[in-house]
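User: Hi! Could you walk me through this model with me asking as we go?
Analyst: Happy to.

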Amino acid sequence: MTSSQTAGRVPPFGAGSFGTGSFGTGAEFQSGGPTNGRFPQDDPFGLRAKAGKALEGSTPEQVMARLELLAHILDTAILLPGNRRIGLDAIVGLIPVIGDAITTMISSYIVWEARRLGAPRWLIARMAANVAIDGVVGAVPLIGDLFDAAFKANRRNVQLLRRHLERSGGLKPSVIDVTATRLD
């Protein structure tokens, strides 16, 4: 559709209200003010709305698969000589202050997803404590980096969440307990 085929004026780039397709009068752009308390140029392609819709349809199994992958990348993705595993948490944590802040924010995403899945407050508090311990102790130079490599807060949090969801019936068990009997 060309500009000559559109009805009325063509809005400037970035116009619209977060992916809804409505453009308004354009007065808010001339005055530089927000629309509905938000600045439309903050999300010109409606990505926030699309991301919210993408997460709405996720099943607990899909969310757990995503969280287990994230925990693996952060805690155990790299194999070192001597059969020790570390992740990006320990490597990015080598950057003073900023590295630990970044990995703590990423680790907080796992806690946020647990809350979204309906985990109880005590579990959220325990997971947040794991993230806080990892972030605070990890900020200490050298000793904190060794602690980051050993503590693996993200793997712990995903394991806690999985165990809770399996016990509450929100997720099918990942391991089936069976007894094998030999028939002769």
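Here is a chat about salt bridges, helices, a surface patch and two backbone angles.

Analyst: Some ground rules: this is a predicted model, where local features need pLDDT of at least 70 and side-chain atom pairs count only at pLDDT 80 or more, while totals for chains, interfaces and linings use all residues. Residues are numbered from 1 along each chain as its sequence is written, and side-chain values use heavy atoms, with hydrogens and water left out.

User: Good. How many salt bridges does a search of the whole structure find?
Analyst: The search finds four. A salt bridge here is a side-chain nitrogen of Lys or Arg within 4 Å of a carboxyl oxygen of Asp or Glu.

User: Which residues are linked in a network of salt bridges?
Analyst: Arg66, Glu113 and Arg116. Glu113 pairs with Arg66, their closest N and O atoms lying 3.4 Å apart. Glu113 is in helix α5 and Arg66 in helix α3 (residues 60-75), so this pair ties together parts that are 47 residues apart in sequence. Helices are DSSP runs (H or I, at least four residues), strands likewise (E, at least two), and both are numbered from the N terminus.

User: And the Arg116 link to Glu113?
Analyst: There the closest N and O atoms are 3.1 Å apart. Arg116 and Glu113 both sit in helix α5, three residues apart, or about one turn of the helix. The two side chains also make a polar contact at 3.1 Å. That term means a pair of N or O atoms within 3.5 Å; within protein, one must be able to donate a hydrogen and the other to accept it, and residues adjacent in sequence count only if both atoms are side-chain atoms.

User: Is Glu113 buried or exposed?
Analyst: Buried, with a relative accessible area of 0%. The cut-offs are under 20% relative accessible area for buried, over 50% for exposed, and partly exposed in between (1.4 Å probe, protein chains only). Its partner Arg66 is partly exposed at 31%, and Arg116 is partly exposed at 35%.

User: How far is the C-alpha of Glu113 from that of Pro60?
Analyst: They are separated by 9.9 Å, with their positions 53 residues apart along the chain.

User: Back to α3 for a second. How does the distance between its end C-alpha atoms sit with its 16 residues?
Analyst: At 1.5 Å a residue, α3 should span 22 Å, and its end C-alpha atoms are 22 Å apart, which agrees. The expected span is 1.5 Å times one less than the number of residues.

User: Which residues of α3 are buried?
Analyst: Val63, Met64, Leu67, Ala71, Leu74 and Asp75. They cover an arc of only 95° around the axis, which puts them on the same side of α3. The arc is that of the directions from the helix axis to the C-beta atoms.

User: What about the salt bridge of Glu166?
Analyst: Glu166 pairs with Arg162, the closest N and O atoms being 3.4 Å apart. They are four residues apart in helix α8 (residues 153-168), a separation of about one helical turn. Glu166 is partly exposed at 26% relative accessible area, whereas Arg162 is buried at 17%.

User: New topic: which residues form the nonpolar patch on the surface?
Analyst: Ile95, Val97, Ile98, Ile102, Met105 and Ile106, with about 580 Å² of accessible area together. Patches take residues with over 30% relative accessible area and no salt bridge; like charges are joined within 9 Å, and nonpolar side chains (Val, Leu, Ile, Met, Phe, Trp, Tyr) within 5 Å. The areas come from the Shrake-Rupley method with a 1.4 Å probe, and for residues only the protein chains shown count as cover.

User: Where is Ile102, and how about Met105?
Analyst: Ile102 lies in helix α5 (residues 98-116), and Met105 is found in α5 too. Ile102 is partly exposed at 36% relative accessibility, while Met105 is exposed at 59%. Met105 and Gly135 are 30 residues apart in sequence, and their C-alpha atoms are 9.2 Å apart in space.

User: Last thing, the backbone. What is phi of Asn83?
Analyst: Near 65°, a positive value in a residue other than glycine. Asn83 sits in the loop between β1 (78-80) and β2 (84-86), and is exposed at 66% relative accessible area.

User: And Lys152, what is its phi?
Analyst: Near 55°, again a positive value in a residue other than glycine. Lys152 is in the loop between α7 (143-151) and α8, and is buried, with a relative accessible area of 18%.
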